[in-house]
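I opened the model and kept notes as I went. The entries follow the order in which I looked things up.

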Amino acid sequence: MAEIIIVEDNDAIREAVGSYLRLDGHGVREFGRVQGVLEAVKMKNPDLLILDVMLPDGDGFQLAKRIRERSQVPMLFLTARTSESDRITGFEVGGDDYVVKPFSPKELALRVRSILRRTERGKPPKTPV
């Protein structure tokens, strides 16, 4: 199905989200920090990014801005930052969705499906009938 990059510094959350998405049939690459993400996006444009905001070596909002300079890959923020201004910033920097921790893994998977369906990324081309 889709190739998804998860950027999340909490190992348990990152691994749980990755496992859940793999069960849903997606290919997943996991990063615990900002370092290496831009290069991964350049090398293989993923179908979706799931980004934490507070990372040990940078800010997810700034990372999203840098990615938006070169890619229109859909982005979903998964973060503990709950304020309205944070949610607004997430959408202003190019986010397609914003999920606040704690979260339901099932709901997250459904939001991923929704974004992929809307953007038609990660699907094989439709064949004529």
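**Entry: Lys 101 and its surroundings.** I began with the contacts of Lys 101 in this predicted model. Setting aside neighbours within four places in sequence, I found Lys 101 in contact with Glu 8, Ile 13, Asp 52, Leu 78, Thr 79 and Ala 80. I placed Lys 101 in the loop between S7 and H5. Is Lys 101 buried or exposed? Its relative accessibility is 17%, and buried means under 20%, so Lys 101 counts as buried. I also took one C-alpha to C-alpha distance: Lys 101 and Glu 15 lie 15 Å apart in space, with their positions 86 residues apart in sequence.

**Entry: the bond after Lys 101.** I checked omega for the peptide bond from Lys 101 to Pro 102 and found a value near -5°, which makes the bond cis. I noted this because most peptide bonds are trans. Pro 102 sits in the loop between strand S7 (97-100) and helix H5 (105-119).

**Entry: helix H5.** I went on to two charged residues here. Arg 113 is in helix H5, and so is Glu 107. Arg 113 has a relative accessibility of 34% and counts as partly exposed. Glu 107, with a relative accessible area of 38%, is partly exposed as well. Which residues does Arg 113 touch, not counting residues up to four places away in sequence? I listed Asp 24 and Lys 106. For distances, I paired Arg 113 with Leu 21: their C-alpha atoms are separated by 10.0 Å, and the two are 92 residues apart along the chain. Glu 107 and Ser 71 are 36 residues apart in sequence, and their C-alpha atoms are 26 Å apart in space.

**Entry: Thr 89.** I found Thr 89 in helix H4 (residues 84-92). Its relative accessible area is 27%, so I entered Thr 89 as partly exposed. The C-alpha atoms of Thr 89 and Phe 61 are 7.5 Å from each other, at a separation of 28 residues along the chain.

**Entry: the nonpolar cores.** I then looked up the largest nonpolar core, which has 21 residues. Which of them touch the most other members? I wrote down Val 7, Leu 49, Leu 51, Leu 63, Ile 67 and Phe 77. At least two residues of this core come from each of strand S1 (3-7), helix H2 (37-43), strand S3 (48-51), helix H3 (60-68) and strand S6 (75-79). A second core, separate from this one, has 16 residues, including Val 17, Leu 76, Leu 78 and Leu 108. I picked Leu 51 for a contact list: beyond neighbours within four places in sequence, Leu 51 is in contact with Val 7, Gly 60, Leu 63, Ala 64, Met 75, Leu 76, Phe 77 and Leu 78. Leu 78 is also on the contact list of Lys 101.

**Entry: the whole chain.** I left the overall layout to the end. I counted five helices and seven strands in the chain. From the N terminus on, I read the order as β-α-β-α-β-β-β-α-β-α-β-α. The radius of gyration is 14 Å, close to the 14 Å that the globule rule gives for 129 residues, so I recorded the chain as being as compact as a globular protein of that length. The C-alpha trace spans about 50 × 30 × 25 Å along its principal axes.

**Entry: burial, surface and charge.** I found that 45% of the 129 residues count as buried. Among contacts between residues at least 6 apart in sequence, 61% join residues at least 24 apart. The chain exposes about 7000 Å², and carbon and sulfur atoms supply 51% of that area. I finished with the charges: there are 21 positive and 20 negative ones, and their mean positions are 4 Å apart.

Key
Residues numbered from 1 in each chain as written. Predicted model: local features only at pLDDT ≥ 70, side-chain atom pairs only at ≥ 80, totals over all residues. Heavy atoms only, no water. Helix = DSSP H or I, 4+ residues; strand = E, 2+ residues; numbered from the N terminus. Rg over C-alpha atoms; globule rule 2.2 N^0.38 Å. Buried < 20%, exposed > 50% of the residue type's maximum accessible area, 1.4 Å probe, protein only. Contact = heavy atoms within 4.5 Å. Areas by Shrake-Rupley, 256 points an atom, 1.4 Å probe, with all protein chains shown as cover. Lys, Arg positive; Asp, Glu negative; His and termini not counted. Charge placed at Lys NZ, Arg CZ, Asp CG, Glu CD. Core = buried A, V, L, I, M, F, W, Y, C linked by side-chain atoms within 4.5 Å.
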